[in-house]
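Biologist: I'd like to walk through this protein with you, piece by piece. Could you put it up so we can both look?

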Amino acid sequence: MAASAEAALQDAYTCPMRFYEPDMPKIGDVVIVRVVEVTDTAAYVQLLEYENRLGMIPFQELSRRRIRSISKHAKVGKQETVTVIRLDAQKNYIDLSKKEVTQEEKKRAEERFQNAKIVMGMMRHVAAESKVPLLELMQKVAWPLYRTHDHAFNGLKRAYNSETNDANEEVLAPLNLPVTVVAPLLTAIRNKMKALTIHFRAEVEVTCYSERGIDGVKDSLLAGIAVAKLPPAIPMTITVVAPPKYLILAQCESREAGLQKLTECIRAIKAAIENEGGEITVTEGPSAGGHFDALAEQAGRATAEAEDGSSEDD
């Protein structure tokens, strides 16, 4: 009996669960599905965001081009982005179309889905830690955040990004969660958001032989840092490796935005140093990868080695 009760409790933490509060999508919604069966007339799929509900993509909705073989347009196990064209909640059928989805809709839906998976993963972790059934946790945490922040991921990210308790108070306090849920939730948010952060680097050589000299270099580097603080702001530091070489480090959740910010930073340094009569050489262009702290430590070691070398020369 005890084993049966424990199994039932475990199911309450790990059971299949819809990502969003509505138990079915609406006509016109773009959703993510996985193909589970292909016949001569249709592809049958599971709606991954809606508790694996079954749906159907009719033969003629797979492609705008003439279809000679349905197997070339739908493969079992493949994930697809489709739009809802017909549904009947009472009869429990959902008809979908792949051909009606635009590239922009596909991109937005896939981003929403990836973020929703992250939220669900955190909710499952918190459910296991707090012994609160997953459905109850979704009702108390995730679904209210979808209503107040457009996407629950945005609300959790806001709580993580705050340097004070203000955002935590704004995001989590209205949910009236017990301490047994808040503690593992904050841990899950910190661990997941930290893992999602992408680290960026670039190396430049900045010289100035005018009267301004080192002051001209410093002001130019500060001009680069100022760019990082412009919306959307990202954390950025510029560390001296060994004059005239400098290491630029940054963090961002978007690869595209991070690389763009580093590029803008280098442009700002270039404009400022040239105005001072100096020049900049990009020895390593903006790139993503590596751990921010490790890169900073590497820069520190290089600086120390350069200083030791200078002392020996003297």
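Modeller: Before we start, one term: two strands count as paired if DSSP finds at least two bridges between them. Also keep in mind that this is a predicted model.

Biologist: Okay, let's use that term. Which residue in S4 stands opposite Val31?

Modeller: Strand S1 covers residues 30-38, so with strands defined as DSSP runs, Val31 belongs to that run. S1 and strand S4 (residues 79-88) run antiparallel and are joined by five bridges. Standing opposite Val31 in S4 is Val82.

Biologist: And on to the next strand. Which residue in S5 is the bridge partner of Thr83?

Modeller: S4 also pairs with strand S5 (residues 93-97), and these two run antiparallel with five bridges. In S5, the partner of Thr83 is Ser97.

Biologist: Which residue takes a positive phi in the hairpin of S4 and S5?

Modeller: Look at the four residues between the two strands of that hairpin. One residue there has a phi near 60 degrees, and its name is Asn92.

Biologist: How many residues link S7 to S8 in their hairpin?

Modeller: Strand S7 (residues 236-242) pairs with strand S8 (residues 245-252) in the antiparallel sense, over six bridges. One of these bridges sets Val240 against Tyr246 in S8. The hairpin joins the strands through a stretch whose residue count is two.

Biologist: Let's pick out Ile94. Is Ile94 buried or exposed?

Modeller: Ile94 sits in strand S5. Beyond its sequence neighbours, Ile94 touches residues including Met24, Leu47, Leu54, Val84 and Leu87. Its relative accessible area is 2%, and the cut-off for the label is under 20%, so Ile94 counts as buried.

Biologist: How far apart in space are Ile94 and Ile57, C-alpha to C-alpha?

Modeller: Along the sequence, these two are 37 residues apart. In space, the C-alpha to C-alpha distance comes to 8.7 Å.

Biologist: Now the nonpolar cores. Which element gives the most to the largest nonpolar core?

Modeller: That core has 56 residues, and Leu96, Met123 and Leu185 touch the most other members. The top contributor, with ten residues, is H2.

Biologist: How many residues are in the second, separate core?

Modeller: This one stands apart from the core we just talked about, and its members include Val204, Cys208, Tyr246 and Ile280. The residue count of this second core is 21.

Biologist: What about open space? How much space lies in the second largest pocket?

Modeller: Rolling a probe the size of a water molecule over the atoms shows where empty space is left. For this pocket, the lining is made by 19 residues, with Tyr20, Asp29, Val30, Tyr50 and Arg112 nearest the centre. The space comes to about 430 Å³.

Biologist: Which element gives the most to the lining of that second largest pocket?

Modeller: By class, the lining has nine nonpolar, three polar and seven charged residues. Strand S1 (30-38) and helix H2 (103-130) each give two or more residues. With six residues, the element that gives the most is H2.

Biologist: Last, the whole protein. What share of its residues count as buried?

Modeller: The secondary structure comes to nine helices and nine strands. Among contacts between residues at least 6 apart in sequence, 67% join residues at least 24 apart. Of the 314 residues, the share that counts as buried is 39%.

Definitions and conventions. Residues numbered from 1 in each chain as written. Predicted model: local features only at pLDDT ≥ 70, side-chain atom pairs only at ≥ 80, totals over all residues. Heavy atoms only, no water. 1 Å grid on protein atoms, 1.4 Å probe; cavity = no way out; pocket = protein on both sides within 12 Å on 5 of 7 lines; lining within 4 Å. Points joined across faces, edges and corners; volume = space filled by probe spheres on them. Nonpolar A, V, L, I, M, F, W, Y, C, P; charged D, E, K, R; others polar. Core = buried A, V, L, I, M, F, W, Y, C linked by side-chain atoms within 4.5 Å. Buried < 20%, exposed > 50% of the residue type's maximum accessible area, 1.4 Å probe, protein only. Contact = heavy atoms within 4.5 Å. Lists of a residue's contacts leave out its neighbours within four places in sequence.
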